Amino acid sequence: MPKIRLDDIDRKIIAALQIDGRMTAQQLADQVGLSASPCARRVRMLEDRGVITGYAALIDQDLVDLPISVFASIRLERQRENELERFNTAIGRWPEVVDCYLMTGQRDYLLRIVVRDLQAYDRFLKEKLTRLDGVASIESSFALAQIKRSNRLPIDT
């Protein structure tokens, strides 16, 4: 995929929207030094080009009774394309998996799984993850505290 060239205004728009995706077009325009109409066109262009992929509310997982984050390192029996695709498809269906990365090194995947309690993780493990063909090993680590969480990319402005 070709890299998209961002100018200073694009970077300011992205930085501002990462902080507050609900600001009005006029507030954004004021913040980046444009009038509302050209600013809205810039935002639309960033969306159309796939730079801005969506907008979402950030939820405090403790306040919605999902306090447990588990990081699971997964090793597959084989790393052939069809096995990777089967794993990717299954993971995409499971709402407990909130992050999934294909990795280099000792493990093939790193997952962040969010659940209500240890029993819920045990059910997830037994009813979903261990039943998936091709999984050779699973190593789980439980987060004790979240020190930092950010959805902001370090866009230079």
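Student: Which residues do ring pairs link into a cluster?

Tutor: In this predicted model, aromatic side chains can be read as a network in which each ring pair forms a link. Here the cluster consists of Trp94, Tyr121, Phe124 and Phe142.

Student: How many aromatic pairs does a search of the whole structure find?

Tutor: Such a search gives 4 aromatic pairs.

Student: Is Asp10 buried or exposed?

Tutor: Burial is judged from the relative accessible area, with values under 20% counting as buried. Asp10 has a relative accessible area of 3%, so Asp10 is buried. This residue belongs to helix α1, which spans residues 8–19.

Student: Which residues is Asp10 in contact with, leaving aside its neighbours within four places in sequence?

Tutor: The partners of Asp10 are Arg5, Arg42, Met45 and Leu46. A separation between C-alpha atoms gives another view of the fold: Asp10 and Val51 are 41 residues apart along the chain, and their C-alpha atoms are separated by 9.9 Å.

Student: Where does Gln61 lie?

Tutor: Gln61 is located in the loop between α3 (36–48) and β1 (68–76). Its relative accessible area is 16%, and Gln61 is therefore buried, as the value falls under 20%.

Student: With which side chain does the side chain of Gln61 make a polar contact?

Tutor: The partner is the side chain of Ser69, at 3.0 Å. Ser69 also appears among the residues that Gln61 touches, once those up to four places away in sequence are not counted. The others in that list are Leu66, Pro67, Ile68, Arg112, Val114 and Gln146.

Terms used:
Residues numbered from 1 in each chain as written. Predicted model: local features only at pLDDT ≥ 70, side-chain atom pairs only at ≥ 80, totals over all residues. Heavy atoms only, no water. Helix = DSSP H or I, 4+ residues; strand = E, 2+ residues; numbered from the N terminus. Buried < 20%, exposed > 50% of the residue type's maximum accessible area, 1.4 Å probe, protein only. Contact = heavy atoms within 4.5 Å. Polar contact = N/O pair within 3.5 Å; in protein donor to acceptor, adjacent residues only side chain to side chain. Phe/Tyr/Trp six-rings, centres within 6.5 Å; stacked < 30°, edge-to-face > 60°.
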